[in-house]
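Reader: I have a model open on my screen and would love to walk through it with you. Could we take it one question at a time?

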Amino acid sequence: VIPGWFAEISPMWPGEAHSLKVEKVLFQGKSKYQDVMVFQSLTYGKVLVLDGVIQLTERDECAYQEMITHLPLCSVPNPRKVLVIGGGDGGVLREVSRHMSVEQIDICEIDGMVIDVSKQYFPEIAVGFDDPRVTVNVGDGVAFLRESPEGVYDVVIVDSSDPIGPAEELFKKPFFELVARALRPGGVMCTQAESIWLHMPIIEDIVSACRQTFKGSVNYAWTTVPTYPSGVIGFMLCSTEGPAVDFQHPINPIEKQESNVELQRPLKFYNSEMHTASFCLPAFARRAIGSN
Ligand SMILES: NCCCN[C@H]1CC[C@H](N)CC1
């Protein structure tokens with residue numbers, strides 16, 4: 001380890017490690033579930049790290065939070081009820097609250113320390129918790145979904161960490177079945193779906209589990225996040241049986257939504273062209289994932 005540098009070393013991306021110059025460590029703790037660290041980087045602002053894995057940086061979190069939120073929310077005509085599994089930093093909540101049609105935002109985050117640390121060190125991200133439509137549940141997303149009534153949500157966003165650690169169950173078919181049950185007919189799930197450069201086998205397993213579970217459409221999208229491993233991150237977009245969803249051509253484009261939030265805090269990354277482009281895959285990924 002080079003003094004003054006944080007290297008993201010993990011068995012999930014063997015032989016490589018993205019590094020960031022550390023100015024100062026701001027917080028180090030251990031929750032019931034994972035090690036939690038915050039450091040001030042030289043060039044990416046503050047950084048949140050869980051079990052040695054970069055979750056977000058102030059400089060590029062907009063790419064991930066805006067895409068994982070607006071890809072599903074702009075794909076359904078009038079989203080009213082939204083559930084976020086994970087997302088304890090509050091960034092997805094901040095993005096969901098841009099949608100004026102949304103009336104209810106539930107979040108289920110397993111680790112309360114992530115919420116507290118985000119509120120203290122990332123106020124621009126944790127601002128999402130301030131929206132009056134938000135109800136916070138601290139607990140396991142699987143248990144939350146088991147207790148949820150059927151057919152409630154228009155959109156479920158699974159903003160998870162990686163399959164090694166507390167989020168392991170969120171990449172498996174039983175969980176996807178619980179999400180499908182909690183969605184209304186034609187409802188949409190969007191999950192964090194790793195990197196086509198690093199995790200093709202995991203992605204193929206996720207795609208096949210989703211194809212068996214979601215009888216509407218199943219699509220894979222991806223975008224660039226410089227501080228995630230290999231510099232990209234993917235998303236699984238799935239809809240249940242019901243009104244067809246054309247993920248590639250948003251029917252509820254963000255540009256058409258008159259929301260005063262837009263004026264105070266304009267989007268930094270997402271727009272309708274990036275939305276459509278995010279479903280274009282390189283040959284090796286299209287062969288492995290297929291498309292329907
Ligand atoms: N809400 C913060 C993002 C959580 N998702 C990340 C996806 C990529 C991973 N290597 C780390 C977490």
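Reader: Which residue in E5 is the bridge partner of Val49?

Author: Happy to help, and please keep in mind that this is a predicted model. Strand E4 covers residues 46-50 and pairs with E5 in the antiparallel sense over four bridges. Within that pairing, the E5 residue that partners Val49 is Ile54.

Reader: In what order do the five strands of the open sheet run?

Author: The pairing in this open sheet is antiparallel. Its edge strands, each pairing on one side only, are strand E1 (5-7) and strand E5 (53-57). From one strand to the next, the twist averages 40°. The order is E1-E2-E3-E4-E5.

Reader: What angle does the direction of helix H3 make with that of E2?

Author: Helix H3, residues 112-121, packs on the sheet. There it touches strand E2 (19-30), strand E3 (35-41) and E4. Relative to the direction of E2, that of H3 makes an angle of about 125°.

Reader: Is Asp51 buried, partly exposed or exposed?

Author: Asp51 sits in the loop between E4 and E5. Its phi is near 50°, a positive value in a residue other than glycine. Buried means under 20% relative accessible area and exposed means over 50%. Asp51 has 40% relative accessibility, so this residue counts as partly exposed.

Reader: And Glu194, is that one buried or exposed?

Author: Look in the loop between strand E10 (183-192) and helix H7 (200-213) for Glu194. This residue is not a glycine, yet has a positive phi of about 55°. Because its relative accessibility is 3%, Glu194 counts as buried.

Reader: Which side chain is joined to that of Arg94 by a polar contact of 2.9 Å?

Author: Start in helix H2 (residues 91-96), where Arg94 is placed. Arg94 counts as buried because its relative accessibility is 5%. Leaving aside neighbours within four places in sequence, its contacts include Glu61, Glu124 and Arg265. The side chain at the other end of the 2.9 Å polar contact belongs to Glu95.

Reader: Now the ligand: how much of its exposed area does the protein bury?

Author: There are 14 residues around the ligand, and Asp89, Asp159, Ser160, Asp162 and Tyr228 come nearest. A polar side-chain atom of Asp89 lies 2.6 Å from a ligand nitrogen atom, and one of Asp159 lies 2.9 Å from a ligand nitrogen atom. Taken alone, the ligand exposes 350 Å². Of that area, the protein buries 98%.

Technical notes
Residues numbered from 1 in each chain as written. Predicted model: local features only at pLDDT ≥ 70, side-chain atom pairs only at ≥ 80, totals over all residues. Heavy atoms only, no water. Pairing = 2+ DSSP bridges. Helix = DSSP H or I, 4+ residues; strand = E, 2+ residues; numbered from the N terminus. Axes fitted to C-alpha atoms, helices over the stretch in contact; angles between N-to-C directions. Contact = heavy atoms within 4.5 Å. Near = heavy atom within 4 Å. Polar contact = N/O pair within 3.5 Å; in protein donor to acceptor, adjacent residues only side chain to side chain. Areas by Shrake-Rupley, 256 points an atom, 1.4 Å probe, with all protein chains shown as cover. Buried < 20%, exposed > 50% of the residue type's maximum accessible area, 1.4 Å probe, protein only.
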